[in-house]
Amino acid sequence: MVDALARNWWAIALRGVLAIIFGIVAVLLPAAALFALVIVFGAYSFVDGIFAVVASVRAAQAHERWLPLLLMGIAGILAGLITWFYPAITAIVLLYLIAIWAIVTGVLEIIAAVQLRRQIQGEWLWLLAGVISIIFGLFILWRPGAGALSVIWVIAVYAIAFGITLLGLAFRLRGHLTHRLATP
């Protein structure tokens with residue numbers, strides 16, 4: 001799996017950049033972010049899911065472990081589709097959808113990180129991204145009524161932290177690929 005991920009390090013980096021951009025926009029424009037949360041979250045989770053599915057297909061083609069990536073991708077695509085096809089969904093229901101998506105994705109990211117631990121240094125970054133996702137999801141389940149604007153801030157912090165960890169992982173994977181190509 002590490003070789004397939006390393007070849008596609010840019011996709012993980014793009015996921016990280018998109019998460020950071022989403023987080024910054026939510027911090028700067030919380031009222032607009034609340035209004036647009038349905039559309040933005042739907043697009044983000046859908047695109048994130050597509051990238052994870054692409055990574056799983058490439059891992060499968062390389063005869064490497066692909067199931068956790070595929071399940072992450074399916075979870076993201078489903079979360080995006082549900083969000084897009086039901087835009088009038090209430091804020092509380094959307095929060096539960098986000099929480100469940102974050103928890104499922106977090107668990108699957110931890111599984112993928114554990115599978116990478118013998119093959120790459122820095123797998124703890126993916127593990128940390130998974131833990132951050134789970135903590136975020138549990139927080140929303142615990143305090144859904146704390147107010148939609150305050151949740152926007154939590155979502156922004158989560159997205160930025162998640163994006164930074166994914167960027168770190170992407171650059172470690174790129175370094176692994178560079179090292180692997182340089183080694184005869």
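User: Which residues of helix 4 are buried?

Analyst: In this predicted model, local features need pLDDT of at least 70, side-chain atom pairs count only at pLDDT 80 or more, and totals for chains, interfaces and linings use all residues. Residues are numbered from 1 along each chain as its sequence is written, and side-chain values use heavy atoms, without hydrogens and water. Buried means under 20% relative accessible area, exposed over 50% and partly exposed in between (1.4 Å probe, protein chains only). The buried residues of helix 4 are Pro68, Leu69, Met72, Gly73, Ala75, Gly76, Ala79, Gly80 and Thr83.

User: Within what arc do the buried residues of helix 4 fall, seen down its axis?

Analyst: The arc is that of the directions from the helix axis to the C-beta atoms. The buried residues line one face of helix 4, because they fall within an arc of 160°.

User: Is isoleucine 39 buried or partly exposed?

Analyst: Isoleucine 39 is found in helix 3; helices (H or I, at least four residues) are DSSP runs, numbered from the N terminus. Its relative accessibility is 48%, so isoleucine 39 counts as partly exposed.

User: Which helix gives the most residues to the largest nonpolar core?

Analyst: A nonpolar core is a set of buried Ala, Val, Leu, Ile, Met, Phe, Trp, Tyr and Cys residues joined through side-chain atoms within 4.5 Å. The largest has 52 residues, and Leu37, Phe41, Ile98, Trp126 and Leu173 have the most contacts inside it. Among the elements that give two or more residues to this core are helix 3 (30–61) and helix 5 (91–116). With 13 residues, the most is given by helix 7.
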